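Student: I've got a protein model on my screen and I'm not sure how to read it. Could you walk me through a few features?

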Amino acid sequence: MQQSPARSEARYSVGIGVADSLLALFRPRTKGKAWIPELRLRGRPAAAAFATKMIVCVAVVGHQNNPLYLQSFTEADDALKLHHIIHCSLDVIDERINNPKKSGPTLNEAFLGLLYPTENYKVYGYLTNTKVKFIMVTTDLDVKDADVRTFFRRFHAAYVDAVSNPFHVPGKKITSKAFAQRVSSIVKSFGSAATT
Amino acid sequence: MSLPSENKMDPVNSFLGRLLLEELTPVVMVLSTPLAEDACQKNGLNFVEMLLPFSLFNKIDVPVRTASDQPYRLQMFKLQLVYASDICQQNYEAAEEHLKKVVCDASENALPDLLSDPPQLETILSKSVSHLCPSWIQTFNKELIRTLSFSEHETFDHPVACLLVVSSKDEQPVNRFVDLFNTDQLPSLLNDGAMDPKILKHYLLLHDNQDGTPEKAANILAEMKTTFGSNDCKLLCINSAQGVGDRRDISWVPYKTHASLSREIARFLDVDDLNGIRDFMLDLASNHIIPHMEQKIRILNQQVSATRKGFRNQIKNLWWRKGKEDTPEAPNGPTYTFSSTESQIRVLGDYAFMLRDYELALSNFRLLSTDYKLDKAWKHYAGVQEMSGLSYFMLDQSRKESEYCMENAFTTYLKMGSSGQRNATRCGLWWAEMLKARGQFKEAASVYFRISNEEPCLHAAVMLEQASYCYLLSNPPLLRKYGFHLILAGNRYYISEQRQHAIRAYRNALCVYKGNAWTYITNHVHFNIGRWYAFLGMFDIAIKHMLEVLACSHQSLATQTIFLNDFFRVVQSMGKIFEVYKLQLPVINMASLKVFYEDTRTYASSADVQVSESMWQALEEEMVPSISTVRSNWLDKQPKTSPLKKDNSSCVCVAGEAIKLDLEFKNPLQISISVSGVSLICELSAESGATNFGNSATETALQEDAEFTEPPSCRDPSDDSSLMLSKFDFVLKGGETKKIQLKVTPRVEGILKIVGVRWTLSDSVVGYQYFEFDTKKNKKGRKGARHSLQRNLNFIVIKGLPKLEGCIHHLPKNVFTGDLRLLMLELRNQSEYSVKNMKMKISHARFLIPGSSADLNLDFPRCLEKQISSASNDVPENIMEKSRSLLFSFPNDASIQGGTTFMWPLWFHAGLCGSISFYVSVYYEMENSTDMTYRTLRMHYNLEVLPSLDVSFLISPCPSRLQEFLVRMDIVNRTSSETFCLNQLSCVGDQWEISALPACVSVCPTQSLSAGQALSCFFKLKDCRRTNKERNLSVQGSDVLLGSQGSNKVLIDISRSPLVDFHHHERYHQGKLVQGSPSIVDFILISRTLGGNPDIVPEASSQLLSSHACHCSITSKSPIWWLMDGLRMIYHDFSTSFCEASFCVTIHNCSETSVSIRLATFDSLPAIDQISDAVQSSDLSGNQGGWHDVSLVDEIKVISNVQASHPRKPLSESISPYVWCGASSTQLILEPGCTAEVPLRICIFTPGTYDLSNYELHWKLQPSEERLGNDVKRWSSGTSRGHPFYLTALQCPS
C-alpha cells in the first residue's frame, strides 16, 4: 500500500490506515470462484483487528435519518469509520423500503436482513413501525440469522423502554445510561445463546 | 438470450460506443525525414499533428465486405497516425507523470470554482449526466487507456500501414524512402516478431511551397512512382500561405502536446493546403487502408477456417495443445509470433472489430479464448475476453455474456499481478462504461470501486469520484454512498497532494451531510476542507469551514485540541484580527440574557433584582403615585415627561448609572478556553434623537436588519467618553458555564441601544453576536418589563439623578425564633441633590417594624426592662393601626442631603421559623428633577430562622376553684447546641393574673434549658374579669419571673413599644391558625440565650428572645364547670337518728351558648373507677352519652364480683350507707357565662368517710342559629360524673 509523506501531518484525516480499512470494508464480496484467492492477501487479513465474534457497532437512526444512538464496541478510534458505515447503510435500507417486491414475503417484517456484505463486516438492519432504524455491524462473518433476529428483538425492547421514559424527547438523541448499559449487555450476550 | 425491449439502447451512440470507435482504430505508423518535419514545424506543428484533424472521417461512406459476402457501409472512421518511435509501450513512470499532469491541469482550472459556495443538493441532482462528471475525468480515462497502447498481446493498435514521408528538399528522396524503412528505426513490435513486418507501405512526398517550385516536386513524384508503384505514392504540398491566419479552430493538437499551444499554429497553411491534406487522408483511408484490411480479413478468415473450423480441426487442435503442455511455462505464458495461428486469429478478430464486423470478431475471439485458456496464456486470454465482451456490447447482444466476459477479463488481469494491473484498469473502465450505457449505475460504481483498489492513490481518487457520480446517477440516487465515495476520493486526492481536487470532492459531499446530525462526519469534512483551504492560502473560506467544527462537544479531547489548534493557526496565519459573527466558542445562552437597569426603581444590591417585579409592585402599591392618572382631561397637555412614556418599548435609565446584563457563556469543549474582553456592543446617539423619537422607532427597526450583518469593528464607538463599557476576562474550563454580568454606563443623555456582545477568544479571534429577538415569541411568552427580553434593548438616557443606596446593618443571617433585635437602616445619598418625602414599606411586619427616632440611641436589651416608675400607661393607642398598614412615612423633616447618610432604627423579631425573605422598599422624591419625580430603593433580605424554644400551654380548670386555672407550660429546646435561660412568663391582658403555684417557691428547677432539653412548669392563672369588667386589649398583663429565687433577673416590660407591636402581629397571625375554640389568654415567654453557641450570634453575648403563645384556650372539654361545696366533716350522733347534710353544686357555663343541664343523683355506685376520667370518656363518646349510661348500669350486676380486688369494694358491699334526698334530678338552663347553684341533700346512716361523687351532670348545648359549626355539633351533649367529694361523718360523743 502506498505510504504517503502527508500522513504525518494529516493527523485528523481519514488516514491511510483507516481509509484502507474503509476501502476493504466496501469491497463487495464476490460470489463463487471468480474471486481470486491471491487478492485476499493483498487486503488486510479478515477481521484480524477484532475479536472473533462480536458486534462492532449498533446504532439507532431516526425516521429522518438522524442518528439517535450510536455506540461502538471496539477499542480502536474508529468512530468516523463506523459513522460512515452506518450512514451508508441507510441508503440500502431506503432502497429496501422502496422496493418491497424484492423482500416479498418479508413485507411486514421489521427485520431487514443483511444490508451490506463486506469482507470484514456484516451490516444488518431492522426497521420499526415508527420508521426508526436499527443497524448492527458485526465482525462475525458466519452469523446466524436467528441470532440476529433475537438480538434485534431484544434491542427493540430496550429501545421501546428507553423512549417510553417520560423525560425522553422524541426525535432527540437517546442519552439514557440505563439504555446504554442494557444495550451493551445485549451486545455481550450476542450469539452466546445459540452456542450454548 | 433476448433483452428486455425497454432496455434496448444503441451501443454505437453510447459513450462507450463512441469511445471504442474513436480509440480502437487502425494505426498508421509514420516515418518521416527531419527535413519533412522542419517544413511542418513552420506551422508550429509536427507532421502527425498536422494531419490529425483530418484523420477523423464522420461520413466516409465506404463499402466494406469482410468474410461474408454481404457488403455494408462504414460511416464514421478514424485513423490513428503515430510516429514509429512512439510505437512502444510507455514505461510506468512516464505514464504516471503524464496522468498526474492531466489531473494537475484540471485542478488549476478548478480553482475559481473553489471560491464559490459549495453546491446545493438540488443543483447536483438536477444536473445532467454529462455535466455531472467533470470533463477532465473523461480525458483522464482516455489517457489512462492510451498508456496501454501497443502491447504485445493485442493487435488492434498494431500498425496497419506505414506512411513514409520525405521532403522534396531531401537529397535523393527515393533513397531516403528506402532508408527510412530501415529496421533500426522500426518499433520493437515489428522487430521481435510480434507483428508481421510485411506491412502496407505508403510513400508521401512533402513539398514546401516556400522552398521550391511544384515542378521539382512533381519530378520527384514521378521518380517515386516508377520505383514504388504508382498507387502508393503521393505528393502533399504545404505552406502556400504567407503566414497570416491562425487556424486554431481546427482541433490540431491532441491532449499530449498542449504545451506548445502558445505559438501560432498553421500560419502557412491556406485553404488549398488543407484541402490537399484532407484529400490525401481520405484517399489513404478509403483506398488503401480499408481495402487492405478487408483483404487481410478475408485471407486470414480462409486460413482460420481451414485450420481451425470444423470438428476435425477442433480435435486436432486439442490434441496438439495437450502435447504442448509438457513444455516449460514462460512466466507470461507462451509467446506467440505473428505467424502463429493464435496471433493470426487475433489479428483477424481485431481487424473485424475495427471494421465493425462484430460478429466475425466475436466468433474469432471466442475461438481464441479457449486456446489461450488451454495454453494458460492469461494475458492473451484476458485480452481476448475483454474484446469479446466489447463485441457483445457493440452487438447489443446478451448482457450477461458481455458482463461475464468483462469480469473474467478483469479478474484474469488482476490475477497476473502487477503486469496486468493497468490492463485490468482499462478493462474495468470499459466495463463500467458499458454498465453505465445500460443504466446499471450501481454496478458501474462498484466496478470503479474495484479499479480504485488496484490503482495508485491518485488514480484511485479519480476512480472513486467516478464511482460517486455513478451512485448519484443511479435511480433512486444513493446520496449517502455518493457522499461517502466523494470523501474517500477526497482523501485520496489529498494524499496524492491534489488539494484542489480534494476540496472539490469534499465540498460536493458536504450537501449530503448537511442538516443531518451526523456530526462526526460533518466535522471531519468541514475541518479538512478548512485545513486544505488554509494550505491554499484561502484563509477566509478556511475559517468559515473551521468555524463549523469548533463547538464539537461530542468529539474526544484530542480531536478537540486538534480542531482548536488548527483553527488558531489558520487565524494567525491570516495575519489580522478576525471577526466572526456568531462564533461558536464559547456558546452564548441567549435565553439567559437578563437586563437590569434602574429607572425609578433602584436596588440595594444586585440580588434584589432577581425578585419578581410583581412582588415589588404589590409592595409599593400604596406608596408610589400611580402613573396612569396623570392626565385629568384630554385637553391637558402631555406632561413634560411625555417622551418617556410615549414609547413604552423603551426603557428609561439614568446617565451615570450602569445597565447590567447577565449572560451565560458555556464552553462546550473539554479543553479550557480563555475568553477576554467580553463587552457589550452599544450605540449611544445624542439627545437630539429624543425629539422625534416616535418616528425614529420605525426607522431603526428597518435599519436593524442591515446592521446585524456587519462586524462590530465597523461600528466601534468613536467617542469613548460617552459610554463606559466593562470588560471581562475569564477562563472557561471544559464543560463549564459561567454567568457574566456585563455593564454599560452611559455618561450623557440620549438614546442608548444595546446591540450585541463581543469577545475575544484566545487573543486571536473576535467573536460577536447581536441580540436577536423573536418578536412573536416575546409577545406571548414574557411578562413583566424587567425580566423580559425586550424587543429592543433601547434605553432613553436621562439626566443624572440622586440615587439612594441603603442597607440594614446588623441583620443576621441566622436567628433563633423569637429573637428580638434593634437594627439600623442606613441610607446614603451619593449625589449632590437632596431627596425628600421619604416613605418606607416593609413586607413582613411580623418580622420588621420601623422604630421611632427616639429609638436611635437606645441601649437595647436594657431599655425594655420594667421600670418601677413606668407605671404610666403611655402606649399609644394607634400603634397597632400604624404597623398594620405597613406603610411608614418618615418624619416630614427627614430629608437626605447630598453626600450624607441617614440612619433609622428598625425592630426585628423572628416570629416564625423557616426561610424568610422580606422586602423593604424606600420611596423618595427628588428635588428639581423633571424627568423623574420619585424613585424607590428596594431592598431584599433572606434569613434563616432556626427553631429555638417550643412553648405550649395547657390550661385546665382547677377542680377546686371556679375562677382559677392550672397552666402547664411545656418548653422544649429545639436547638442543637444553644442553651437558653428563661426569664419570665407574662400573660397579656389585665383580666388575667398569673402566679407561681404556691407549693413550689421556685417555678422551674433549673436556671437554663440546654439543647434538646424539655421542661414543664406549672402556674396558676386567675380570672380577674369580674373585678375588671372593661375589656381592654392593651398589653398590660402580669408577669412571673422564672428562675431560682435568688437570681437578680429583671422583669421585661411587655407593654413597651417593640414588644407590644410584635405581640399584636403575633396575635394577628396566630389567630389565623387557631380558629373556632374560644381564645382565652396570650402568653409571652421571655428568654435569653446563654451564648452557648457562639457561631450563630457572635456579636451579642446575650440575646433576648420572646416567644408569643397567643389564643391559648382552656382545655376542658366540657362546657360547664361545677363545684360541690359544703361541709367536709360532720359530727353526728348516729345512735339517735340518721344525719342529714346539705350541699350546694355551683355550675358555671363557660361556653358561648346556653346549656341545658340536668343534675342527677343515684345511690348505687358506678362500678368502674373512672370517676376522674368520666369527663373525658363522655367527651370521647360524644353524642352517645345516653348509651354510655346504660351500659354502665348493666355492668354493675354482671361484673360486681370481678371488682372484688378494687379498693372501693367495701363501699359497694351492701346497700349504700347514705342516700340522696330531695329531687333526684334537677333540670336547669344556663345562659352563657352564668352561674347557678343547685342544692343537694344526703342522709347518712353510719359514720364513715364517703365519696359523694355519685351524681352526674347531663348537659346539652342549645345551639344558637349563628353557631352551627362542627365544634358545636361535637359538643352538643354529654355527661360528666361528679368530682370526688369526701365527707367524713363522725360519731359525736353523745
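Tutor: Sure, let's go through some rings, a loop residue and a strand. Keep in mind that this is a predicted model.

Student: How do I describe a pair of aromatic rings?

Tutor: You describe a pair of aromatic rings by the distance of the centres and the angle of the planes. Here, Phe151(A) and Phe155(A) make a stacked pair, with 5.7 Å centre to centre and 20° between the planes.

Student: Where do Phe151(A) and Phe155(A) sit in chain A?

Tutor: Both belong to helix H5 (residues 145-164) of chain A, and because they are four residues apart there, about one helical turn separates them. Phe151(A) and Phe155(A) are both buried. Ring pairs also link them into a cluster, whose members include Tyr69(A), Phe152(A) and Phe190(A).

Student: What lies over the face of Trp378(B)?

Tutor: That's Lys415(B), at 3.7 Å from the ring centre. Arg499(B) lies over the face of Phe535(B), at 4.2 Å from the ring centre.

Student: Now a loop: is Ser948(B) buried or exposed?

Tutor: Buried means under 20% relative accessible area. Ser948(B) has 2%, so it counts as buried. You'll find Ser948(B) in the loop between strands E30 and E31 of chain B. Its side chain reaches the backbone oxygen of Thr817(B) at 2.7 Å, and among the residues Ser948(B) touches are Phe816(B), Phe980(B) and Leu1105(B).

Student: Which residues are on the covered face of strand E41 of chain B?

Tutor: Ile1130(B) and His1132(B) are on the covered face, while Met1129(B) and Tyr1131(B) are on the uncovered one. E41(B) pairs with strand E50 of chain B in the parallel sense, over four bridges. In E50(B), Ala1289(B) is the bridge partner of Ile1130(B).

How values were computed: Residues numbered from 1 in each chain as written. Chains lettered and ligands numbered in written order. Predicted model: local features only at pLDDT ≥ 70, side-chain atom pairs only at ≥ 80, totals over all residues. Heavy atoms only, no water. Buried < 20%, exposed > 50% of the residue type's maximum accessible area, 1.4 Å probe, protein only. Helix = DSSP H or I, 4+ residues; strand = E, 2+ residues; numbered from the N terminus. Pairing = 2+ DSSP bridges. Polar contact = N/O pair within 3.5 Å; in protein donor to acceptor, adjacent residues only side chain to side chain. Contact = heavy atoms within 4.5 Å. Phe/Tyr/Trp six-rings, centres within 6.5 Å; stacked < 30°, edge-to-face > 60°. Lys NZ or Arg CZ within 6 Å of the ring centre and 35° of its normal. Lists of a residue's contacts leave out its neighbours within four places in sequence.
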